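This report looks at one strand, its partners and two of its residues. The sequence and structure come next.

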Amino acid sequence: MRTLVLNAGYEPLAIVSFKRALVLVMNEKATVIERVEGDPVWGSHGVYDRPAVIILSRYVRVPMTRRVPVTRRGVLRRDNHRCGYCGKAASTIDHVMPRSRGGLDSWENLVACCLRCNNVKSNRTPQEMHWQLRVTPRPPHGTTWSVRGTDRSDPRWEPYLALAA
């Protein structure tokens, strides 16, 4: 069970275990605003609501230089699972500048790619293929990026994630 942590300004900060969220609530550093009904946490000193969404009591400044690690799933999500060359559904990623020619595993060098385009392009550059990239690959930004990337999203989180979008 995971819990969405909101900053004091209702912006999503992170997703933590319900145990960590409960510790924040018990130390009066956060308040529960959404709970899991019918599934309380039993402790030695009483029964507590299982938090689904908590909000911090004090505002936490988030550094703007927070780098998101490059992952295959992240590249596909950033490009909305659409091929960077033809626009069809993408299931793989492609290095714009091939790794065999010194291309790096970076947000700026990776795009989502359909299997056909990936095989046809092989280890050539888009310029050599006379192909045009549909979008310029960039690193993702925003505080919601790290929160939206989880597979364990809870429907109770949607109103709070929609506020940040």
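Strand β3 (residues 30-43) pairs with β4 in the antiparallel sense, over nine bridges. The two strands form a hairpin, with two residues between them. W42 has V47 in β4 as its bridge partner. The model is predicted.

Strand β4 (residues 46-56) also has a second pairing. Strand β1 (residues 2-6) runs parallel to β4, and three bridges join them. Here L6 stands opposite I55 in β4.

Two residues of β4 are set out below.

| Residue | Strand | Relative accessibility |
|---|---|---|
| R50 | β4 | 12% |
| L56 | β4 | 13% |

Is R50 buried or exposed? R50 counts as buried because its relative accessibility is 12%, under the 20% cut-off. The R50 side chain reaches the backbone oxygen of D39 at 3.0 Å. D39 is also one of the residues in contact with R50, once neighbours within four places in sequence are left aside. The others are M1, F18, R35, V36, P40 and V41.

L56 is buried too, because its relative accessible area is 13%, again under 20%. Which residues does L56 touch, not counting those up to four places away in sequence? They are V5, L6, N7, A8, L13, L24, K29 and A30. L6, in this list, is the residue that stands opposite I55. E28 lies 28 residues from L56 in sequence. The C-alpha to C-alpha distance between L56 and E28 is 8.8 Å.

Conventions: Residues are numbered from 1 along each chain as its sequence is written. This is a predicted model: local features need pLDDT of at least 70, side-chain atom pairs count only at pLDDT 80 or more; totals for chains, interfaces and linings use all residues. Side-chain values use heavy atoms; hydrogens and water are left out. Helices (H or I, at least four residues) and strands (E, at least two) are DSSP runs, numbered from the N terminus. Buried means under 20% relative accessible area, exposed over 50%, partly exposed in between (1.4 Å probe, protein chains only). A polar contact is a pair of N or O atoms within 3.5 Å; within protein, one must be able to donate a hydrogen and the other to accept it, and residues adjacent in sequence count only if both atoms are side-chain atoms. Contact means heavy atoms within 4.5 Å. Two strands pair if DSSP finds at least two bridges between them.
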